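Colleague: Could you walk me through this model, residue by residue where it helps? I would like the cut-offs along the way.

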Amino acid sequence: MSSSIGEKCTKIKQEYDGCFNNWYSEKFLKGDATPQCDDLFFKYKECLMQTLEEKKLDTLIADARKDNPFPNASSSSSSSKSESSSKKE
């Protein structure tokens, strides 16, 4: 299970993830769609909203990109543009 974007929310997120995974595999896939983790979900959501109020969204995104960067998107999009233009010729 991954960490939360709000550091102080990670414990609640992990509790929710565990509850959800257990519910999904033990209940939902066996036909019982009765929700069981709503209280943890709302606690996690509240924690995230507080984090967003305390920090600017761009700071959170920049921190997340440092922790887990995506491959360079600009190089992959430019190579696909050159491939499509050479196909047209």
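Colleague: Let's start with Asp17: is it buried or exposed, and what is its relative accessible area?

Modeller: Some ground rules for this predicted model: local features need pLDDT of at least 70, side-chain atom pairs count only at pLDDT 80 or more, and totals for chains, interfaces and linings use all residues. Residues are numbered from 1 along each chain as its sequence is written, and side-chain values use heavy atoms, with hydrogens and water left out. Buried means under 20% relative accessible area, exposed over 50%, and partly exposed in between, with a 1.4 Å probe and protein chains only. Asp17 is therefore buried, as its relative accessible area is 16%.

Colleague: Thanks! Which residue forms a salt bridge with Asp17, and how far apart are the closest N and O atoms?

Modeller: A salt bridge is a side-chain nitrogen of Lys or Arg within 4 Å of a carboxyl oxygen of Asp or Glu. Side chains of opposite charge can pair when their charged atoms come close. Here the partner of Asp17 is Lys13, with the closest N and O atoms 2.6 Å apart.

Colleague: Why are Lys13 and Asp17 separated by about one helical turn?

Modeller: Helices (H or I, at least four residues) and strands (E, at least two) are DSSP runs, numbered from the N terminus. Asp17 is found in helix H1, and both Lys13 and Asp17 are buried. The separation is about one helical turn because the two lie four residues apart in helix H1.

Colleague: How many salt bridges does the structure hold, and which residue pairs with Lys30?

Modeller: The structure holds two salt bridges. Lys30 counts as exposed at 62% relative accessibility, whereas its partner is partly exposed with a relative accessible area of 43%. The closest N and O atoms of this pair are 3.5 Å apart, and the partner of Lys30 is Glu26.

Colleague: What is the secondary structure of the chain, and how many helices does it have?

Modeller: Read along the sequence, the pattern is α-α-α-α. There are zero strands, and the number of helices is four.

Colleague: Which residue shares a side-chain polar contact with Ser4?

Modeller: Ser4 is found in the segment before H1 and counts as buried at 10% relative accessibility. Contact means heavy atoms within 4.5 Å, and not counting residues up to four places away in sequence, Ser4 touches Cys9, Thr10, Lys13, Tyr44 and Leu48. A polar contact is a pair of N or O atoms within 3.5 Å; within protein, one must be able to donate a hydrogen and the other to accept it, and residues adjacent in sequence count only if both atoms are side-chain atoms. At 3.1 Å, the side chain joined to that of Ser4 is Tyr44.

Colleague: And Ile12: which residues is it in contact with, leaving aside neighbours within four places in sequence?

Modeller: Ile12 is found in helix H1 and counts as partly exposed at 23% relative accessibility. The C-alpha atoms of Ile12 and Lys45, 33 residues apart along the chain, are separated by 9.5 Å. Beyond its neighbours within four places, the contacts of Ile12 are Leu40, Lys43, Tyr44 and Cys47.

Colleague: Which residues make the nonpolar surface patch?

Modeller: Patches are made of residues with over 30% relative accessible area and no salt bridge: like charges are joined within 9 Å, nonpolar side chains (Val, Leu, Ile, Met, Phe, Trp, Tyr) within 5 Å. Accessible areas come from the Shrake-Rupley method with a 1.4 Å probe; for residues, only the protein chains shown count as cover. Tyr24 belongs to helix H1 (residues 10-26) and is partly exposed, with a relative accessible area of 35%. The patch covers about 370 Å² and is made by Phe20, Tyr24, Phe28 and Leu29.

Colleague: Last one: where in the chain is confidence lowest?

Modeller: pLDDT is the predictor's confidence in each residue, from 0 to 100, and the chain averages 81, with 80% of the residues scoring at least 70. Over residues 75-89 the pLDDT is below 50, and beyond near neighbours in sequence this stretch has zero contacts in the model. Where pLDDT is low, the predicted coordinates should not be read in detail. Confidence is highest in H1, at a mean of 96, and lowest, at 48, in helix H4 (residues 73-88).
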